[in-house]
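Open your viewer and keep the selection tool at hand. This tour moves from the whole chain to single residues.

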Amino acid sequence: MTLTDWPHVAAEPTVDGLTPDTVSGSPEAVSPTQDTVSDAPEFLSEPESGTGPQRSAKGLTTTQKWVAGAIVAAALALAGIGLYLSFEHVARFAHEQLRFESLGKGQLFAVGVDVGIMVMIAVDLLMAWLQRPINWIRYPVWLLTGATVVLNAASGAPEGAWRLLDYVAAGAHGIVPILFIAVVELGRTAIDRIVRPEREERDSIPLIRWILAPQATPKLFRRMKLWGITSYPEMVRRDQQLLAYKQWLTRKYEGDITRATEDERLPMTMAKFGYTVAQALAMPEEQERAAQERVQLAEQRALDAETQREVSLAKSQVDRVRAKGTIDKAQAEVDGETGQARAHARAQVSAAERAAALEEAALESAVIAEARAREAQAEAQEAQEREARAAADLKAAELERQAAEKRRKTEEADRVAAAEAQAVETQAIAEARKATAEADKLAAEDEAATTETLRRAAEMRLRTAREEEQAALASASAKEALAREASAVREAAEARLAAARIEQRAAEIEDTAKLSARQRAARKLARMAFAAGLDPDGLAVEDIHTELRDRVSIAEIQEAFDVSSTDTAFKYRQEAVALIADGYRV
């Protein structure tokens with residue numbers, strides 16, 4: 001039979017049910033193997049439960065409270081009796097034997113020791129009640145109580161040789177303090193069991209075992225304390241299992257246990273470390289399994305690391321592709337903006353060239369209008385000259401009429417005089433003269449009519465000349481207005497041509513600088529402000545903003561940049577103000 005034939009699972013044998021047959025027979029289930037080597041720390045830190053009864057966490061009944069109160073009152077009475085009995089003995093012994101200068105100082109010494117003991121006992125009981133016990137505080141209490149017992153016993157020591165009654169008297173002085181400490185420990189334990197009912201009780205080793213096995217029992221006690229085993233029957237069962245395993249191993253190797261392998265001797269090796277037989281025998285298998293698990297875990301970690309590396313590599317490749325896409329997108333956006341800006345600049349240049357051509361045509365039209373104005377002025381001067389000639393003709397006609405009238409009057413006077421002078425002439429001569437006079441009269445009338453006709457013709461020519469003069473003046477005024485308009489158009493055309501050349505030069509500079517459309521818009525708006533008469537030298541930013549707002553309105557900005565949002569136009573204006581404030585000039 002080999003080590004692998006040793007059964008690892010069996011029912012737990014009880015102490016009473018473990019018979020010699022179990023030891024001498026084939027190794028049936030020696031101990032349960034639910035726990036493994038890897039679980040040993042749990043076993044040591046949380047020992048198997050003891051054999052004490054399960055306590056209830058319910059509160060005390062009324063009767064139990066009365067009994068507890070009576071016990072507390074009795075303990076206080078015992079403490080008072082102990083203090084009363086030991087106080088005077090210790091004070092007098094301290095004054096007489098311990099060299100305290102006065103009895104009062106000896107009494108203070110006794111009070112200090114007793115009060116220190118009571119304070120530490122009260123703190124110990126209080127912390128136990130609060131489920132936060134201070135275990136080390138009992139040792140100073142024991143030490144001070146022991147000192148009190150010694151002082152009380154020493155106060156009753158005889159001056160000469162000791163007799164039996166002296167020993168009894170010395171012991172009697174220490175009974176009450178020892179009894180008080182026992183009551184305090186009993187109360188502390190009672191409080192701990194009440195406030196912590198789930199805490200395991202620690203079994204005590206029977207006194208009979210100390211008597212019958214004085215060498216093995218201290219070892220058993222040591223192992224119970226070292227490895228936190230609270231159950232005495234459990235410790236006995238472990239020793240029985242180890243004894244049974246040794247017996248089986250001795251029989252297997254015919255009395256020579258040294259022939260057993262190291263794995264088979266593990267229960268004897270690990271027993272002093274708190275391992276059971278099953279736990280010790282399961283150690284190799286558990287260690288191998290743990291080693292395999294560590295190997296598997298290392299392999300898994302390596303696979304995880306490789307997977308993580310591949311995932312990281314894939315993520316980095318994805319990030320590079322995304323970054324390249326982002327760069328391409330940004331480059332496309334920049335190219336698009338640059339192309340748009342270039343197209344805009346080209347459109348501005350074309351518009352400037354067309355405006356320049358139109359301006360040149362306007363200049364030609366202005367020159368023609370100016371020539372026409374000069375022609376109209378010459379025609380007006382010629383009309384004035386014609387009017388002057390017509391006035392002169394009219395004046396000559398008037399003078400000729402006046403001369404004809406004078407000749408008529410003279411002739412009429414001559415005829416009357418001739419008629420009076422020649423009254424004596426014959427009738428024929430008179431009739432001839434009369435006919436001649438009538439003919440002269442008719443001739444004079446014809447001459448007067450001719451003169452009137454000439455006068456009227458001269459007046460007609462004068463009116464015509466005046467009308468022509470007025471028409472010439474109106475035509476001259478219209479031609480002068482056209483000339484002024486042509487001059488204004490020429491000046492505006494020249495200004496637009498200069499502005500177009502400035503825009504063309506600015507577009508070339510901006511194209512060389514590869515500015516964005518937003519930056520180009522800010523510069524164009526600044527140039528519009530300069531063209532409107534803005535002089536930013538010596539002005540603060542707020543003043544520049546006010547001047548720009550007064551000279552270029554939001555509506556003009558929207559129209560110039562073809563934007564519908566007033567917010568966008570306002571932002572353009574703010575950027576132009578910042579640009580001008582930074583020193584941008586045309």
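Among contacts in the protein between residues at least 6 apart in sequence, what percentage join residues at least 24 apart? The share is 68%, where contact means heavy atoms within 4.5 Å.

This is a predicted model, in which local features need pLDDT of at least 70, side-chain atom pairs count only at pLDDT 80 or more, and totals for chains, interfaces and linings use all residues. Residues are numbered from 1 along each chain as its sequence is written, and side-chain values use heavy atoms, with hydrogens and water left out.

**Whole protein**

Colour by secondary structure. The protein has 16 helices and zero strands. Both are DSSP runs numbered from the N terminus: helices are H or I with at least four residues, strands are E with at least two. Now show the surface. The protein exposes about 37800 Å², by the Shrake-Rupley method with a 1.4 Å probe; for residues, only the protein chains shown count as cover. Carbon and sulfur atoms supply 58% of that area. Of the 586 residues, 28% are buried. Buried means under 20% relative accessible area, exposed means over 50%, and partly exposed lies in between (1.4 Å probe, protein chains only).

**Stop 1: α5 and α6**

Two packed helices are described by the angle between their axes and the distance between the axes. Axes are lines fitted to C-alpha atoms, for helices over the stretch in contact, and angles run from 0 to 180 degrees between N-to-C directions.

Select residues 138-155, helix α5, and residues 164-195, helix α6. Their axes are 6 Å apart, at an angle of about 160°. That makes α5 roughly antiparallel to α6. The cut-offs are under 35 degrees for roughly parallel, over 145 for roughly antiparallel, 65 to 115 for roughly perpendicular, and oblique for the rest. Show side chains at the contact: α5 brings residues including Trp-142 and Val-149, while α6 brings residues including His-173 and Ile-181. By class, this contact has eight nonpolar, six polar and three charged residues. Ala, Val, Leu, Ile, Met, Phe, Trp, Tyr, Cys and Pro count as nonpolar, Asp, Glu, Lys and Arg as charged, and the others, Gly among them, as polar.

**Stop 2: Arg-456**

Jump to helix α12, residues 427-513, and pick Arg-456. Is Arg-456 buried or exposed? Arg-456 counts as exposed, at 54% relative accessibility. Add Leu-394, which is 62 residues away along the chain. The two C-alpha atoms are separated by 8.4 Å.

**Stop 3: around α16**

Select residues 517-531, helix α13, and residues 566-581, helix α16. Their axes come within 8 Å and cross at roughly 75°. α13 and α16 are therefore roughly perpendicular to each other. Leu-525 and Phe-530 are among the α13 residues that meet α16, whose side includes Tyr-572 and Leu-579. The contact holds nine nonpolar, no polar and five charged residues.

Now add helix α15, residues 554-561. The axes of α15 and α16 are 9 Å apart, at about 95°. This pair is therefore roughly perpendicular too. Ile-554 and Phe-561 are among the α15 residues in the contact, and Phe-570 is one of those in α16.

**Last stop: Arg-573**

Zoom in on Arg-573 in α16. Arg-573 is buried, with a relative accessible area of 6%. Beyond residues up to four places away in sequence, Arg-573 touches Leu-525, His-545, Leu-548, Arg-549, Val-552, Ile-554 and Ile-557. Place a distance line from Arg-573 to Ile-554: C-alpha to C-alpha, they are 8.3 Å apart, and 19 residues apart in sequence.
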